[in-house]
Amino acid sequence: MNQIESGLKSAMCKAVSQAFDLEYSEEQVVIEIPKDKSHGDYACNTAMQLTRQLRRNPREIAQKLMECFDLEAAGVASFEIAGPGFINFTMRSDSLTNVVKKVLEQQDAYGTNDSGAGCRVNLEYVSANPTGNLHLGHARGAAWGDSVARLMKASGYDVTREYYVNDAGNQIINLGLSLQARYREYLGMPFELPQDGYHGDDVKEIAIELAKQYQDQYAQQNDENLKFFKKKGIEFELAKIRKDLDYYRVGFDVWSSEQAIRDAGKVEEALHVLAEQGLTYEQDGALWFATTRFGDDKDRVLRKTDGSYTYLVPDIAYHKDKMDRGYDQLVDFFGADHHGYVPRLKASIAALGNDPDKLSVDIIQMVRLVENGQEVKMSKRLGNAVTIRELCDEVGVDAARYFFVQRALDTHLDFDLGLARSQSNDNPVYYAQYAHARMCSILRQADDVMPAESFERLTNEKEIDLMKYINEFTNVVSDAAKLRAPHKVCNYIQKLAQKFHSFYNACKVLDKNDMELSAQRLALVKAAKITLRNALDLIGVEALEKM
């Protein structure tokens, strides 16, 4: 919560207590910036909120509240009671200009807050199978998950960023078989690609490298050699994934292995707990999990008739492992095709004795890449998917990351290549970076101006508007972290850039005939620059100093 809002809320709570002998928390007080500037700097609807409880006219309540409201402590210059009972506040000049001083003092820390202090959160995102390149769907989840992690850390949450490596199961067997087939092909031996294998050039490249290194040592088709190809395939693909994610400015604290969970006996441990609770049963030669007891639409198979586990089983063990690590909240980011998977996952958490509400699953909707008005098709197995690296090479990391987080995660996204490449104000990342570069240019030109010690002359309407919006940044960070909604930061960035340009066009920043005012306006430019840079960093976008 910012200082102005905190002061207004505190004063209002005290006024409610004094005027009506009621307990009223700051969380109940709503403070907003009016759209119409003639309505003051801030507005409050507490009088209307109290109408039903007090059974009195809201304007009468508002009048009584303001008789007890400490204007001085809240930094209020004047107020008016408007409409059905809104209380509009006009702040003292020093209340608004204090934000400039605060930003200049806090620098990189401006916007950080403790709204999530004490909460341990595990964020699991990307988690692509190590069977090929990361494509656009992964790119959206990676940018979003990483931005959420940055926002939560800035808001005091204890965050663990986790990647779950699906290094067991049929997809890994198919990877191994595909590698061995290409290996034999390179050596001039008969080969056959599995029907559900991986046909991309990356698999060919790995196989050729292995053949050059090991010759025909692993050409024989047997289980031991298949283990070798699975192991090498995972190593190569994971190394590539790590490299691409690093290029994309996405990092992880923990890499968890499905195979390691299986090898540690955690799958059997989880199944044993379910059995002890009487939640599993045998039917038609398969082992079933009674998830309907927890609200699922039907019971789910755990072990198939051939003795193999369904993919739900290691996921149950994995989420039990995460719960056992003591997190207050687990957040998974799943693709849209996993939407129906959520109820059974929550059911398993409840069945294992944990609170299912500790798990939140955010669904990542589909991405379409549009080129010259035409959709670019993607197929991971056939090897013509558009990868994260290709996209970043084409439009830049900044544009790729910004475009993926500027829309809410639950909406379908058309990624417009032409717009992402364009150097115009229609391109939101260009518009934001241009604003930052312009701020830097102004400050470079005024390198010899002595810093301002006070800011009382920042009274122009555009200056006040910019200061008020800079003052909102901490609230935006806190809300975006709580809601896991980095697109709110993008909205803030665009509006901040707009308000800066509006201020710059209305106010002469460098005026040799009035160096005192110039110094104060330069301080405001610097505060705006710091705020914009911090906002861009929260979504992993570089704040350029020159363009």
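How many salt bridges does the structure hold? In this predicted model, the count comes to 40 salt bridges. The idea behind them is simple: side chains of opposite charge can pair when their charged atoms come close. A good one to look up is the pair made by K468 and D41, whose side chains meet with 3.5 Å from N to O. This pair ties together distant parts of the chain, with the two positions 427 residues apart. K468 belongs to helix 19 (residues 461–471), while D41 sits in the loop between strand 1 (31–32) and strand 2 (42–44).

Next come the sheets. One of them is an open sheet of 5 strands, and reading across it gives the order 7-6-5-11-12, with parallel pairing. Strand 7 (254–257) and strand 12 (359–364) are at the edges, and each has just a single partner strand, so one side of each has no neighbour in the sheet. Going from strand to neighbouring strand, the direction turns by 25 degrees on average, if the sense of each strand is ignored. At the strand 7 edge, the pairing with strand 6 (residues 158–165) is parallel and runs over 4 bridges. Here Y163 stands opposite W255 of strand 7. This sheet also has a helix lying across it: helix 7 (residues 136–154) covers strand 5 (120–124), strand 6, strand 11 (329–335) and strand 12. Helix 7 runs at about 160 degrees to strand 6.

Another open sheet has 3 strands in the order 8-9-10, and this time the pairing is antiparallel. Its edge strands are strand 8 (280–283) and strand 10 (300–303), each of which pairs on one side only. From one strand to the next, the twist averages 45 degrees. Strand 8 and strand 9 (residues 286–289) run antiparallel and are joined by 4 bridges. Look for E282, which stands opposite L287 in strand 9.

Antiparallel pairing shows up again in strand 3 (residues 76–82) and strand 4 (residues 86–91), joined by 6 bridges. The two make a hairpin with 3 residues between them. In the turn, G83 has a positive phi of about 55 degrees. Along the hairpin, S78 has T90 in strand 4 as its bridge partner. A handy thing to remember while looking at strands is that in a regular strand the side chains alternate between the two faces of the sheet.

Now for the helices. Two packed helices are described by the angle between their axes and the distance between the axes. Helix 8 (residues 170–186) and helix 10 (residues 223–247) pack at about 100 degrees, with 8 Å between their axes. Angles of 65 to 115 degrees count as roughly perpendicular, so helix 8 is roughly perpendicular to helix 10. On the helix 8 side, the contact includes I172, I173, L175 and Y183; on the helix 10 side, the residues include L226, F229, I234 and E237. Sorted by class, this contact has 9 nonpolar, 4 polar and 2 charged residues.

Helix 10 also meets helix 15 (residues 388–395), with axes that come within 10 Å and cross at roughly 30 degrees. That makes helix 10 and helix 15 roughly parallel, and their crossing is left-handed. The residues involved are K243, D244 and Y247 from helix 10, with I388, R389, C392 and D393 from helix 15. The contact of helix 10 with helix 15 has 3 nonpolar, no polar and 4 charged residues.

What about helix 18 (residues 428–445) and helix 21 (residues 487–506): at what angle do their axes cross? The axes of helix 18 and helix 21 cross at roughly 45 degrees and come within 9 Å. The two helices are therefore oblique to each other, and the crossing of helix 18 and helix 21 is left-handed. Helix 18 brings P428, Y431, A432, Y434, A435, R438, M439 and I442 to the contact. Across from them, helix 21 offers I493, Q494, A497, Q498, F500, H501, Y504 and N505. By class, the residues where helix 18 meets helix 21 are 11 nonpolar, 4 polar and 1 charged.

Technical notes
Residues are numbered from 1 along each chain as its sequence is written. This is a predicted model: local features need pLDDT of at least 70, side-chain atom pairs count only at pLDDT 80 or more; totals for chains, interfaces and linings use all residues. Side-chain values use heavy atoms; hydrogens and water are left out. Axes are lines fitted to C-alpha atoms, for helices over the stretch in contact, and angles run from 0 to 180 degrees between N-to-C directions. Angles under 35 degrees count as roughly parallel, over 145 as roughly antiparallel, 65 to 115 as roughly perpendicular and the rest as oblique. A crossing is left-handed if the near helix is turned anticlockwise from the far one by less than a right angle, and right-handed if clockwise. Contact means heavy atoms within 4.5 Å. Ala, Val, Leu, Ile, Met, Phe, Trp, Tyr, Cys and Pro count as nonpolar, Asp, Glu, Lys and Arg as charged, and the others, Gly among them, as polar. Two strands pair if DSSP finds at least two bridges between them. A salt bridge is a side-chain nitrogen of Lys or Arg within 4 Å of a carboxyl oxygen of Asp or Glu.
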